[in-house]
Amino acid sequence: MTGSELRDSFVKFFEGKGHKIMPSASLIPANDPSLLWTAAGMVPFKPYFTGAAIPEMRRVTTCQKCLRTPDIESVGRTARHHTFFEMLGNFSFGDYFKKEAIPWAWEFVTKVLGIPAEKLWITIYLDDDEAFEIWQRDVGIREDRIVRLGKDSNFWEIGVGPCGPCSEIYFDLGEARGCGSEGCGVGCDCDRYLEIWNLVFIQYFRDEKGEYTSLENKGIDTGMGLERTASVVQEAATNFDTDIFREIMDFTAGEIGVVYGRDKDVDLALKVIADHCRAVTFAVSDGALPSNEGRGYVIRRLIRRAVRFGRTLGVDKPFLYGVAGAVVRQMSDAYPQLREGKSHIINVVRTEEERFGETLVQGTEMLNRMIREARLSGGTAISGPDAFKLYDTYGFPLELTVEMAREQGLGVDEDGFAESMDQQRQRARSARQETEYISEKGSLYSSIRDEVGETGFVGYTDLESRSRVLFLVKDGQRVEKAAAGDQAEFILDVTPCYAESGGQVTDHAKITTPHMEADVYEVTKPVEGVYVHRGKVLSGLIMTNDEVTVRVDCDRRGSVARNHSATHLLHRALKEVLGGHVNQAGSLVEPDRLRFDFTHYTAVSREDLRKIEDMVNQAVLSNLPVESTERTLDEARAMGAAALFGEKYGNVVRVVSMGDFSLELCGGTHINRTAEIGLFKLLGESSVGAGLRRVEAVTGEGALKYINAREEQLLEVARIARAMPHEVVQRVEAMVRELKDLEGEAEGLRAKLARFEVVSLLEKVREIKGIKFLSAKVSAPDMDSLRAMADLIRDRLGSAVVVLGSPAGERVNLVAAVTPDLVLRGLHAGKVVKEIAAAVGGGGGGKAEMAQAGGKDPSRLQEALDRAYNVVEGQIKE
C-alpha cells in the first residue's frame, strides 16, 4: 500500500462511519496568534474543543499537514523525526466516544491495513478502566497486551481547558530493533515499539486550580502519523525508505550525482534535503515566506540548512528549487494547490537559495577575519560565541567552521558554541507558543455565550441599533454596573459594530441611554459569536439589562469601507498586471489609508504601478455595483471567488462581488458602488521580505489631501527654482547640470591644491634606517581624496612609506602606503594603519601596499601620526 493509498483509505474508512471528510487546513493557523504552525491534527478544531466555536459537523476526518521544528537537529539522524508530516485523524465533537472510537481504530489497523494483531500492543492511562474494558471485552485484546502508563505519556492536557486520557496503538518492530535490556517493553525509549495511533478521549475540563470536572459533551481527537504507519505497512526500515520520501530522495540523488544507501553521510544529506524541502514547499504554498522573524525565519532556516547539506555533497549552485518541483509532482494529486502555486513556490525557493549563496560568501569572509584576529592575538581557537554568530547569522554549520579553522592550524571552542546554542534555545523556549494548542483565554466569554447565546450582528445594513446589556466586565470579572470614568467591556444582545478581523480595523461607536453615555473604541470577537465592546463610561451609570442605543461612527465606517473595497480592486489589478502568481499575504484597512501585502519576487516598476493605479481608478469610475451574497464554500469556490491565505472559512461564506471585476470571500464592510471610493492613489511600494511586496494607498478624502499636499510641494519647489509649475522639471534639470559642472571645476581646483600641498609635504620627508618616511596631517574631503594624495606622494618618492591623516567632521580618516620594494623588507601598510588607528579610537586594515582606517577622535590625530614613526621602525627587517 502506497502512502497515497493509505491516506485515501483512512478518510474513506471514516466517511463510511458517518464522518465528513474535511480538507487539510493551512499550515498557518487561522486567526490564532498563539500558534506559529499547525503542529497537530486537532489544531484547526481547537475552537470546537475550547467551546469558542460551534461545529457544523459532529463527526470529521482529515489528513492534516503539520509542521514542527523543535527536533530539527534530529531529522535524518533518526528513523522517525520530521519537520513536515501528515497526521491522519478522526474527531468527534460531543457525538461518539470510547465505545466507538476504540473498535473502529482496531478495525482499520487490522482489517483495512492488514497489520497482524500479534504485532500490536495497546497502552491506556493508569486508571482508565473504561478503555481497558472496551479493549479487552469488546475488541478481544488479551490483558497482558494492554499496558497501563502514567500521566506523563497517556494523559493529554495543556493548561486550563479540555483534557483527557489517551490510548495508543504500538507496533512491535522486533527484538533486533530493541535495546536488549531485561525491562525493554512498550514505553521503552528504544526503537522496538513504534506508536502508530494515539486516541485522545476529551472527557474532563481542568480549571485554574488544577481540578478536573467531567464534560457533559465528550470528544474524540485521534492522530495517526501517515509516514510512520506507511513504514509499517511497507515494511520499510525508516520513514525515509517509504515511497513518500524515496521518490524525492532519488530525484535529488540523480540531480546531484550520488546514490542513496551506500554512504551514511550521503544518506543523511539526502534525508535532510527531502524532509526540509517538503516542509518549505507546503509552507510557501500556504503563504509563508522567508524572513528574519516568526514563521518566515523557520522557512529561511530550513532552506539554508538543506542548501548546506547539499554543499556537503559538492553542490555549489542553486538546486533546491528543483527538489521543490519534485515535491509538487509527488504530492499535488492529494494537494492540488501545490500544482496551482508551483511557479510561485519555485521562485521563492530559488530566490532564497541565491541570497544564501551571497550570505555564505560574507560568512566565509567573516570567518577568515576571525582566524586572522585569533592569530594576531596569539589565540589558538575561534571562540564559542564567534562560532555561534557564524552559525546563527550566516548559516555556517559548526562542522564547516571547525574544518576551515583546522586548515589554518586553529581549533574551535565547541563547548562555548554549545553554551551559546543552549542560551538561544532557552530564549526560544520561553517565547515559543508553538505547542500551546489550547489557550486559557476565552473561557469567560464562552461561558457568557453558553448562558445567553450569540450576539446578533446587524452592521452590514444598520449603523444604529436598540440593544440590551447582557453582561458587563471590568478587569476580567463580571460586574453588575459601571460608572463614569470606568473602563469596561459591554456584551450586548445586538450590535451594529464591526469587530476587528480580516485586516479591517474595529468600528468606533457611542452607547447611550437618557442618563448615560459611553465611548466604544474597540470591538473584538474573542470567541465565535460574542462581540465584546471595550470602552469608557463618560457620564452616568450603566447596568446589566439596560436598554441602550448603539450608534456607529458613520464617517469612520465610511472611510474604512472605501479603503476595504479598494483593496479588492487592487488585488484584482495586481493579478492582471503582474501575473496570476500574485496572492494577498496580508492587509490593513484603516480610515486614513490601506496597506496591502502580496507575493511577488521583484520590485514593481513605476510603469506597472501606474497601470495598476489606472486599472483601479477605471473600476472606480465604472461605478460597479458592490454586492454580497451567502454561499456554501463549495459554491463560492466554483464561482471562482478568491480565498485568502491564513483565513478559516465555515461551510457558509459571504461572497463580495464588484461587477465582473472582482469576486472574493470577505466578511468586511463595503460601499454600495465603486464610485463611492472617489479616487484611488498609490503612495509607494516596498519589500517586506523575500518574495513579498507591500503597497500603500489612500482613497476618497485621504487621496485629495495627498494630492493637495503634493501640489503645495510643487508650488514651493517652483518658487525656490524661480520657475512656473509646469516648467519646474526642465528648470531643476538645468540646475543639476550646472551643479555638476561646478563640482567638476571644484574637483579640478582641489587636485591642483593637492599637488601644491604635495610639494610642500615632500620637504618634510625623513629617513628611518635609510628608508624615506613621511607622516603628515593634510586636508582631504573624503577617503578617496586622501588615498589619491598618498598615491601621488608615493609615486614622487619612488621608494617610501607614506602615512596621512585628515579630519572628517567628527571622525578621522587615515591612509598608509608602502612601495613594493619595502614590503620585502617587512613593512605592511595594513598593520601600520591598524596600530596607529587605535590612538584615535578606531580601527582598520588592508593590504601590504595600501590600507586605510577610521577613527572617532580628531583631537588625537597628531598623536596617531607621531606613533607611525615607531611602528614603521619596528617593522623594518635588517
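**A pocket, two cores and a helix**

In this predicted model, the lining of the second largest pocket draws at least two residues from each of strand 3 (84-93), helix 5 (151-154), strand 6 (155-156), strand 7 (161-172), strand 8 (193-206), strand 9 (212-225) and helix 6 (226-233). Strand 8 provides the largest share, 7 residues. In total, 46 residues line this pocket, and Arg68, Met87, Glu168, Glu195 and Arg228 lie nearest its centre. Sorted by class, the lining comprises 21 nonpolar, 13 polar and 12 charged residues. The space inside the second largest pocket amounts to about 1,600 Å³.

Attention now turns to the cores. The largest nonpolar core contains 114 residues, and Trp37, Trp135, Ile169, Ile196, Trp197 and Leu320 have the most contacts inside it. Helix 8 (residues 264-285) is the leading contributor to this core, with 13 residues. A second core, separate from it, has 28 residues, among them Ala561, Ala566, Leu569 and Ile671.

Ile196 offers a closer view of the contacts. Leaving aside residues up to four places away in sequence, Ile196 touches Val109, Ile115, Ile169, Phe171, Gly223, Met224, Gly225, Arg228, Thr229 and Val232. One of these partners, Val109, is a buried residue of helix 3. The other buried residues of that helix are Lys98, Ala101, Ile102, Trp104, Ala105, Trp106, Phe108 and Thr110.

Helix 3 (residues 98-112) also lends itself to a simple length check. With 15 residues at 1.5 Å a residue, helix 3 should span 21 Å, and its end C-alpha atoms are 20 Å apart, so the two values agree. After helix 3 comes Gly114, with a positive phi near 70 degrees.

Note on methods: Residues are numbered from 1 along each chain as its sequence is written. This is a predicted model: local features need pLDDT of at least 70, side-chain atom pairs count only at pLDDT 80 or more; totals for chains, interfaces and linings use all residues. Side-chain values use heavy atoms; hydrogens and water are left out. A nonpolar core is a set of buried Ala, Val, Leu, Ile, Met, Phe, Trp, Tyr and Cys residues joined through side-chain atoms within 4.5 Å. Buried means under 20% relative accessible area, exposed over 50%, partly exposed in between (1.4 Å probe, protein chains only). Helices (H or I, at least four residues) and strands (E, at least two) are DSSP runs, numbered from the N terminus. Contact means heavy atoms within 4.5 Å. On a 1 Å grid over the protein atoms alone, a cavity is a set of points where a 1.4 Å probe fits but cannot get out, and a pocket is an open set with protein on both sides within 12 Å along at least five of seven lines; lining residues have an atom within 4 Å of a point. Grid points are joined across faces, edges and corners, and a volume is the space filled by probe spheres set on the points. Ala, Val, Leu, Ile, Met, Phe, Trp, Tyr, Cys and Pro count as nonpolar, Asp, Glu, Lys and Arg as charged, and the others, Gly among them, as polar. The expected span of a helix is 1.5 Å times one less than its number of residues.
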